[in-house]
Each structure stands twice: as structure tokens, then as C-alpha cells.
Amino acid sequence: MKILETKVESIRNIKLALLGDSATQFFTKALKTIAAKENLALDIYESEYDQVERQILDTNSAFYKFNPTVVIVFNCTNKLLEKFYSTNEQDKNKFSDNYLKFANTANELINENLNCRTIFLNFNEYDNREYGNYASKINTSFLFQLRQINMGLMYLAEAKKNLLICDISYLVAQVGNKVAVDEKFYINSSLAFHPTFYSIIAKNIIDIINASVGKFKKCLILDLDNTLWGGIIGDDGLEKIQIGDYKIGKAFSLVQQWAKQLKERGIILAICSKNTESIAKEPFEKHPEMVLRLSDIAVFQANWETKVDNIRHIQEILNIGFDSMVFLDDNPFERNIVIQNIPEITVPDLPEDPSLYLSYLRQLNLFETASVSEADKARTEQYQIEATRKQFQKSFQNETEYLVSLDMQCDVASFNSFNLPRVAQLTQRSNQFN
């Protein structure tokens, strides 16, 4: 499965420092390869083997002289286990505390000396079964301490604005430990993971970097028939479309739940469907199993125009780049027509089996973000108002009459503790000032 996507934007230059306690040559190569596909030019400083602490704690090190804009701190589970084994038995219950103290100190030193984002990789789970399942019950087991470290990193990232986490634990769980980790590579070459797994890590790192520099997806455009529900609403009618908690209907409900959560965190939802509008809206208004309602949709385009024209109309209302949009449609023909005419847009090549839709979409990690604000969460209502305003504007002969009719007022204020998070977020979004 693939994503139909063409990159057309200009190249960004990023200075990246990779600090690792295991061999990182495959990681570096993967980062450069994935970055090139995303039109990122990486200038990478790769620290010497197992020099993470020395490079960070010595503010005169080559790492600081490189002056990166992104720092990756990659401590691997294998090395963590070795340190755990060398810890006195009476101190093993404090092992996670000691690592988190280092992580906090490292982040503070980096922030004090560099203007950058810091990305910590958390730890894939490992348990040599010394205690069996009892390891989850005793705080001196490695598994117990490792899980505390991963949770502690989340709390640390929550508190530190410039600290982000690449969730290695999740990534390994998705592909399976046997695919991600091969002990012979660590024993023979000091590689923490199988060489092929570094591409998966690199993809997620580049996703984080893109989000941190303001390049991320802001809008999910949804087809209806056989995308949000099974069947064709115009032919089957309201009672016969497949949705809910029964058989394949559950797959469509799960996709709607996913979309609903994206909307709750600030992603704009739009509808683009070849349908009669009144019939297309009927499930949103009347079907008891629908998760999404009209109030969740910022722009609703259901008519018999081409999907290319309707997506362009959605883009005109939202005033965001096509490269900020994702279009979901079950029909391969429609997907190809859209990508041929709007090459900037991201069009996932959905599986034929709807039960695989959600797992496929999750693996693509389309909606990475580096921040979430209260303004993001209120975005749907703002764009619904904008869509109404666009329609209202068409009733006037010229723009001057329209602007006068709005009776707009402008409030000017200094930065304060309430508006500063939004001000900071806007500095990362270049399209706001295009």
C-alpha cells in the first residue's frame, strides 16, 4: 500500500545532531533518505559511539559548536539494561529516577545553550523474564523501571515546551519485536535495531521535524459512500447503509471515531461527495449510529460536480495549502483523478477491505503535530462561519459593499499570558501571512 503524493514545495535546510549510545550509521542514512523525500536537506552531526552524556554535559563539546536546530537523544534499551545490571541491588528501585534526572538536566543544558527542538526516543519494552509476569508487580525489576522511565519522559515532555518524544515503544509494538529487534546485530555491530527498522524510526522523526517547523496536515476531506459508511446512501437508503456495531459497519464507525478525535484536537473535517446534498446529509441528521454530525463538519460539499472542483472550493474557503490536506476516498479512480489535478494533496491508497482502513491510516501517521492550542479545538465553528460568509458574499455586487455589511471591529492588545501560546503557534505557520 502506498500514498499517492507529489512534493512540490521548496527545500528546507535543517541542522540535526544525532547523539546515540549505540551504532547510528544506519539511522543517519535512513534520516537523510526520508528527509530527501520530504524536501528536507539535513546537515547531520553524528556523535561518536556511546558519547551521549559527555557530549551534552560538556558545553564546549563539538555538539554545541555544531549549533543544531534539532537534537535527537537516542539511548537504547540494550544499553539501559546493561546499566541496570551494573546498579547495586538496593538502588534498582531508583534506577528510573536517576535516568529521568539525567534527561531533565540534558534538556535544560541543551535549551540554555542552543535554540533548538530536542527529540528524546523512549524505550522499546524488554524483559528477560527473570521474574516472569511478576515483573509488573515488583519495582526492582527492569521492566518496572523501564515503564516508569517511559511514563516519566511523557510527563517531562508535557512540562517542557521544546522537548518532544519519538515513541519507539509504540513503533516496535506495531511491527513486532521480532521484526524490529535482532540481537545478533547488537552483539556483532552494536545496532540497537534491525537495519530496516531505522527507516520506520526516521520517518517518524521527520514527521516530528516537519510539524515543529509548521509543515503539517490541517484538514481531512472525507468521501461518504463506502468511506464513512458501507453502501450507497442514494441507492440503499438510510436504513440499509452499514454503520454501527454490527459486522462491517463497525469498521466504518471506527473510522468516524478516529475522524471525530482528530476534529476534537483541531483538525478540520470537510465532506466531498458526489451526491444530492439533502440525501448526503440525512445520515448525519437522522441515523442513530452516526458518530459524526453536521456540527463536526466545517465545509460540506455534496453535489454532482467533480471532486477536484469541490476540493478546490473547500481549499478556497479554508484558505490553507493543498499540501495541508488529506483526502480519503474508497474509489481508486477518484483518488487518481484528484492526485493528477491537485498533486500537492495527500491521498492515501485505502485498502479494498474497509476493516483495514483504520490500521492503515494509523500507520501512515498523517496528523503529526508539535503543539495543540485551545484555538485549534474551536476551528471547526470558525470555518463553518467562514463557509456561510462566502455564500453571503456572493449576494453582493462588489467586495466593498460586502465588507461594509459585516460591521467588523478590530481589537488591538499587547502580548499576555492568555494570547502568548497562540502568538507563538502562529510564528510556525507561514501560510497565515501569505
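Start at Asn 365, which follows helix H16 and has a positive phi, near 50°. The model on screen is a predicted one.

**Helix H16**

Step back from Asn 365 and select H16, residues 357-364. Colour its buried residues: Tyr 357, Leu 358, Tyr 360, Leu 361 and Leu 364. Looking down the axis, these five sit on the same side of H16, because they cover an arc of only 160° around it. An α-helix has 3.6 residues a turn, so residues three or four places apart point the same way.

**Strand S7 and its neighbours**

Next, select strand S7, residues 219-222. Show the side chains: Cys 219 and Ile 221 point one way, while Leu 220 and Leu 222 point the other way. Buried status applies to all of these residues. In a regular strand, side chains alternate between the two faces of the sheet.

Keep S7 selected and add strand S8 (residues 268-274), which runs parallel to S7 and is joined to it by four bridges. Then add strand S10 (residues 325-328), also parallel to S7 and also joined to it by four bridges. Which residues are the bridge partners of Leu 220? In S8 the partner is Leu 269, and in S10 the partner is Val 326.

**The five-stranded sheet**

Move to the open sheet with strand order S3-S2-S4-S5-S6, where the pairing is parallel. Its edge strands are S3 (40-46) and S6 (163-166), each of which pairs on one side only. On average, neighbouring strands of this sheet are turned by 25° against each other, direction ignored.

Inside the sheet, select S4 (residues 70-74) together with S5 (residues 117-121), a parallel pair with four bridges. Val 71 is the residue to centre on; Thr 118 in S5 stands opposite.

**Salt bridges**

The whole structure holds 19 salt bridges. Select Glu 38 and Lys 215, whose side chains meet at 3.5 Å, N to O. Glu 38 belongs to the loop between helix H1 (25-37) and S3, and Lys 215 to the loop between helix H10 (197-212) and S7, so that the pair links parts of the chain 177 residues apart. Are these two residues buried or exposed? Both Glu 38 and Lys 215 are buried.

Now go to helix H4 (residues 77-85) and pick Glu 82 and Lys 79, which are separated by about one helical turn because they are three residues apart. Their salt bridge has its closest N and O atoms 4.0 Å apart. Glu 82 counts as partly exposed, at 39% relative accessibility, whereas Lys 79 is buried, with a relative accessible area of 13%.

The next pair is Lys 307 and Asp 223, with side chains meeting in a salt bridge at 3.0 Å, N to O. Lys 307 lies in helix H14 (residues 307-318) and Asp 223 in the loop between S7 and helix H11 (233-236), 84 residues apart. Lys 307 and Asp 223 are buried. Then select Lys 260, Lys 263, Glu 264 and Asp 296, which salt bridges with shared partners join into one network.

**Last stop: a surface patch**

Finish with Met 151, Met 154 and Tyr 155, a nonpolar patch on the surface with about 340 Å² of accessible area together. Tyr 155 lies in helix H6, residues 142-159. Why does Tyr 155 count as exposed? Its relative accessibility is 54%, and the cut-off for exposed is over 50%.

How values were computed:
Residues numbered from 1 in each chain as written. Predicted model: local features only at pLDDT ≥ 70, side-chain atom pairs only at ≥ 80, totals over all residues. Heavy atoms only, no water. Buried < 20%, exposed > 50% of the residue type's maximum accessible area, 1.4 Å probe, protein only. Helix = DSSP H or I, 4+ residues; strand = E, 2+ residues; numbered from the N terminus. Arc of directions from axis to C-beta. Pairing = 2+ DSSP bridges. Patch = residues over 30% accessible without salt bridge, like charges linked within 9 Å, V, L, I, M, F, W, Y side chains within 5 Å. Areas by Shrake-Rupley, 256 points an atom, 1.4 Å probe, with all protein chains shown as cover. Axes fitted to C-alpha atoms, helices over the stretch in contact; angles between N-to-C directions.
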